[in-house]
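Colleague: Before we discuss individual assignments, please show me the model and explain the terms behind them.

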Amino acid sequence: MAGVTLCEPTELYNLLNQSTKISRLAEPNYLCLLDARTKREYNESHLMTALRVKTNPLGKYLVPQSINLECVRYCVVYDGKTETVDAAFHMDYDLLEVDTELTPFDTGIDIWELRKKPSSEYNAKEGSAARCARIMQRFTRFPVMILRGGYERFTTSYHYLRTQKIFWMPQELEAFKSYPVEILPAKLYMGNYKQACDSQIQKDLKIKAHINICEEDGIFFLEDREKLLHIPIPDSLEADLFSHFINICHFIDAHVHKGAVLVFSTFGISRCSTAVMAYLIHSCKLYLKNAWNFVQKCKNNMRPNRAFVKQLSDWEQRFYITAITDISEPNY
């Protein structure tokens with residue numbers, strides 16, 4: 001069995017917002033998001049693209065027939081507010097193996113009475129996600145993730161990612177509007193030019209300042225230069241971003257306590273990721289290799305060009321006297 005682990009809200013947010021030319025949610029085996037709450041709760045509102053997991057009459061979760069869990073890279077389960085995975089291991093759940101025989105386990109209760117139980121009138125019990133994940137892990141190659149804090153905590157921060165929509169057509173998933181990835185919760189985001197020009201995204205994320213590393217101008221904060229740092233350089237091997245690192249770090253430090261900062265470049269892959277890693281090395285005291293892994297986990301297709309990688313190595317050496325990270329490795 002693959003096991004069960006916790007998924008932080010920021011991690012799920014970033015999983016939902018991965019994209020190349022189109023949203024990765026359009027990939028059938030990328031993300032399976034499962035709602036372990038009651039039908040009533042699910043119908044009222046659920047997270048984008050989530051499927052409700054059904055139960056049999058004895059309350060045991062059933063694997064969705066429409067999903068081949070063995071092929072899914074990320075399987076995330078949530079309920080109302082579960083905080084731990086303990087319920088997945090502190091319950092004699094396997095005693096109720098009722099997949100093929102719906103006879104109550106040594107209770108004397110008639111099965112038809114159980115079928116009439118109005119469970120949908122109540123909220124799902126805390127720990128429902130963990131118990132569901134325990135079933136799903138039998139069919140996955142990667143650990144099943146339980147959303148820490150569940151639906152309640154996630155939607156407190158990301159209310160704009162909830163919906164009542166149940167069915168998604170492939171073309172709708174391809175056109176799914178991705179948000180900038182979250183580097184520091186509610187403080188620092190990284191995205192592309194299109195996202196930086198979207199007024200709804202700015203409102204939802206409460207963006208209060210921009211670092212624009214595109215050659216073209218953005219459309220926000222043009223009249224308020226204190227909230228805009230524009231570094232108009234190309235994504236080329238001749239471009240010098242190193243000389244701007246200190247200004248980038250000071251700008252972010254000056255604004256993250258006032259509101260969220262968005263760092264963006266044309267496609268959100270090379271220049272902005274370089275700037276964000278420079279900040280993590282400077283202000284969060286990370287080695288380049290750790291900053292790289294952190295940003296790559298937030299945005300899996302980030303890729304600074306080779307010149308920027310060398311500039312980041314020089315930046316690391318400036319703080320640690322020697323180069324800690326061997327940038328000749330294939331990963332860089």
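Modeller: Buried means under 20% relative accessible area, exposed over 50%, and partly exposed in between, with a 1.4 Å probe and protein chains only. This is a predicted model, in which local features need pLDDT of at least 70 and side-chain atom pairs count only at pLDDT 80 or more, while totals for chains, interfaces and linings use all residues. Residues are numbered from 1 along each chain as its sequence is written, and side-chain values use heavy atoms, leaving out hydrogens and water.

Colleague: Why is T10 called buried?

Modeller: T10 has a relative accessible area of 19%, and the limit is under 20%; therefore T10 counts as buried. T10 lies in helix α1 (residues 9-16).

Colleague: Which residues does T10 contact, leaving aside its neighbours within four places in sequence?

Modeller: They are Y158, E182 and P185, where contact means heavy atoms within 4.5 Å.

Colleague: What makes α12 a helix, and how does its reach fit the expected value?

Modeller: A helix is a DSSP run of H or I with at least four residues, numbered from the N terminus, and α12 (residues 306-320) has 15 residues. The expected span is 1.5 Å times one less than the number of residues; α12 reaches 21 Å from its first C-alpha to its last, close to the 21 Å expected.

Colleague: Which residues of α12 are buried, and what covers them?

Modeller: The buried residues are A307, F308, V309, Q311, L312, S313, W315 and E316. Their cover includes α9 (245-255), α10 (271-283) and α11 (288-298).

Colleague: What follows α12?

Modeller: I321 follows α12, with a positive phi near 70 degrees.

Conventions
Helices (H or I, at least four residues) and strands (E, at least two) are DSSP runs, numbered from the N terminus.
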